[in-house]
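This report introduces a structure to a reader who meets it here without earlier acquaintance. Please consult the sequence and the three-dimensional view while reading.

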Amino acid sequence: MAALFIEPPLLTKVTLCIASTLAFFLLRIIWLAFTGPLVSLPGPFISKVTNLVLKFYTLNGFKMQYVHALHQKYGPIVRISRDEVAVSDLQTTKKIHQIGARFRKTEWYSKLNTSQEHNIFTLVDPKAHQARRRLLSHPLSEKSLKELEPVVVENVKLAIRQIRKQIYMDGYVDLLRWFFFLATDIIGQLSFGESFRMLEYGKENQYSIDLKKVTFYNSLLVEIPYIIKPLSLLPLHFIKDLMSVGARRTCYAQESLQRYREYLKTNPDTDKPMLLSRHLKANGAGTLNKAEVESDTEAYILGGSDTTAVTLTYLIWAVSRHPEVQKRVIEEVQELPEIFNSDDLKGLPYMNMVIEETLRLYGAAPAGLPRAVPAEGRTLCGHFVPGGYTVTAHAFTLHRDERIFPSPEKFEPSRWANPTQNMKDAFMPFGGGGRICLGLHLARLELRMTLAHFYRAFPKGVKMASGMSDVDMEMENYFLIAPKAHHCLMTEA
Ligand code: HEM
């Protein structure tokens, strides 16, 4: 009788094992695809079963374009992964980003923090954020900008001199590089009390080299920590660098702020324009502690460098591609008095329309701003989404809604001559509600000032240098956008 039980050969055992594993995964896919509260949402089948496809696009710098394509196929609400929903319709976006909306930032932001304390950007708790924002707002308000204006003007003038010199010497200039120097020197000076002096020396320092890596490195750390963290145990240069960038930046902030504190001891009445001077001078109730100051200066540098540099670069490039627009801007800025200030620039109608149109199509942060649906859930675009799920509205898609912006892909500054209410409501290059960009007035000042000085220095305008093409300016997207060639080579027209 014992002979009746025949031991299956090894090959059969392996086959059985593979078949049962496959059956398990198949059942899991079926289970995931047909159950759960988001099951009825429009979207590709793959979003129901895995987050991996979204991660793939995120890590390759195409998340924004992927989501945009999904909206075009599936409509204003799309399930883009197991637990994330994207919306593109104006009313829903307003609902999420208006003041007092209870859609708080998701834990995704907390994971970006590399300092001891959370900063204004990474704070998720609404009460803690509100309190911090109250402490930080004043020096960046439109009213206080007058005090910062000399720093902006001085740096803009230096940048334009260097750009002219470079064109004279080499025949072309990389605008992205110089605008990065410009924006980073300005925000460095306003945050640390001393400039990085990249404009002056014409080269980067370790801090700015690190700064350029931050958005990509953050994507890796946030999207695939389970791969990056174990790899950090291996002696791989790239991973070591990735893991140490945050610490190096914090160390730089600590040292710079310490130098400023020393300087304050001998110059207690200094009127250097500084964004956090109140908190550096007094360390007591109603001010930020040392770690918070360090962390917020880092947020300022990160928030105020690439964002402004990229927007400025796209601005000049887009204008150069439209000779009639370039001609009108040049005519307008040529009429400014010899010495002009920010108030004069606010009064230039066409230049300001050009800025709005650039922010619509090429604002530096048009990707989704993830928010958590409030605990009791919400009906979004006619679909109930339970509390805790992530919902993102992409300015990239909203700014290209043809019902709001006819011929949306066209760079058409004059559409802003008489904007409709929907255009104003849909325009969110600086985010919205209680989390709207804290530096937006400073950013606008930098954009106006640079544009005015730039076109006064180049009265014939500029054009793309040979070897440069529009393809180089296609957008890559790691939270912020950047030209995929990582340069923008221009020359005098
Ligand atoms: C054209 C330039 C800029 C663009 C397009 C831009 C865009 C944005 C956007 C879209 C947000 C919202 C992010 C979110 O909700 O997740 C934001 C937040 C922020 N930005 Fe900007 N920004 C620019 C310049 C600046 C500058 C110059 C500073 C310098 C201080 C700055 C500092 C900040 C800070 C601190 C926050 C966080 C605000 C908060 O959560 O309360 N930004 N920015």
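Histidine 486 lies in the loop between β11 and β12; helices (H or I, at least four residues) and strands (E, at least two) are DSSP runs, numbered from the N terminus. The model is a predicted one, in which local features need pLDDT of at least 70 and side-chain atom pairs count only at pLDDT 80 or more, while totals for chains, interfaces and linings use all residues. Residue numbers start from 1 along each chain as its sequence is written.

**Loop residues and burial**

Although histidine 486 is not a glycine, it has a positive phi of about 65 degrees. Phenylalanine 479, also not a glycine, has a positive phi of about 65 degrees, and its place is in the loop between β10 (475-478) and β11 (480-483). Burial is judged from C-beta atoms placed from the backbone: a residue is buried if 20 or more other C-beta atoms lie within 10 Å of its own, exposed if 12 or fewer, and partly exposed in between. The table applies this scale to five residues.

| Residue | C-beta neighbours within 10 Å | Class |
|---|---|---|
| Histidine 486 | 12 C-beta atoms | exposed |
| Phenylalanine 479 | 21 C-beta atoms | buried |
| Glutamine 116 | 11 C-beta atoms | exposed |
| Histidine 97 | 20 C-beta atoms | buried |
| Cysteine 437 | 20 C-beta atoms | buried |

Glutamine 116 belongs to the loop between α6 (107-110) and α7. Its C-alpha atom is separated by 25 Å from that of isoleucine 186, a residue 70 places away along the chain.

**The sheet of three strands**

An open sheet of 3 strands follows the order β4-β12-β9, and its pairing is antiparallel; two strands pair if DSSP finds at least two bridges between them. The edge strands are β4 (173-174) and β9 (462-464), each of which pairs on one side only. Between β4 and β12 (residues 489-492) there are 2 bridges in the antiparallel sense. Within this part of the sheet, valine 173 stands opposite methionine 490 of β12.

Helix α16 (residues 306-320) lies across β9 and β12 and runs at about 95 degrees to β9. Such angles are taken between N-to-C directions, from 0 to 180 degrees, with axes as lines fitted to C-alpha atoms, for helices over the stretch in contact.

**The sheet of five strands**

Another open sheet has 5 strands in the order β1-β2-β8-β5-β3, with mixed pairing. Here β1 and β3 (104-105) stand at the edges with a single partner strand each, so one side of each has no neighbour in the sheet. Strand β1 (residues 77-81) is nevertheless largely enclosed by the rest of the structure, because 5 of its 5 residues are buried.

Strands β1 and β2 (residues 84-87) run antiparallel and are joined by 4 bridges. The hairpin between β1 and β2 passes through 2 residues, and isoleucine 77 stands opposite valine 87 in β2. Across β1 and β2 lies helix α4 (residues 63-74), running at about 135 degrees to β1.

**The surroundings of the ligand**

Which residues come nearest to the ligand? Of the 25 residues around the ligand, these are Gly303, Gly304, Gly431, Cys437 and Gly439; a residue is near a molecule if its C-beta atom, placed from the backbone, lies within 6 Å of it. Two or more residues of this shell come from each of α7 (126-140), α15 (290-304), α16 and α22 (440-457). The most is given by α15, with 4 residues.

The shell divides into 15 nonpolar, 8 polar and 2 charged residues. In this division Ala, Val, Leu, Ile, Met, Phe, Trp, Tyr, Cys and Pro count as nonpolar, Asp, Glu, Lys and Arg as charged, and the others, Gly among them, as polar.

Cysteine 437 has its place in the loop between α21 (421-426) and α22. The unreviewed UniProt entry lists Cys437 for "binding site"; UniProt positions are given in the numbering used here, feature names are shortened, and annotations may be inferred rather than shown by experiment. Apart from neighbours within four places in sequence, cysteine 437 is in contact with Phe430 and Gly431, where contact means that C-beta atoms, placed from the backbone, lie within 7 Å.

Histidine 97 is found in helix α5 (residues 90-97). With neighbours within four places in sequence again left aside, histidine 97 is in contact with Ala393, Met428, Gly431, Gly432 and Gly433. Histidine 97 and leucine 158 are 61 residues apart in sequence, and their C-alpha atoms are 38 Å apart in space.

Technical notes. Two residues are in contact if their C-beta atoms, placed from the backbone, lie within 7 Å.
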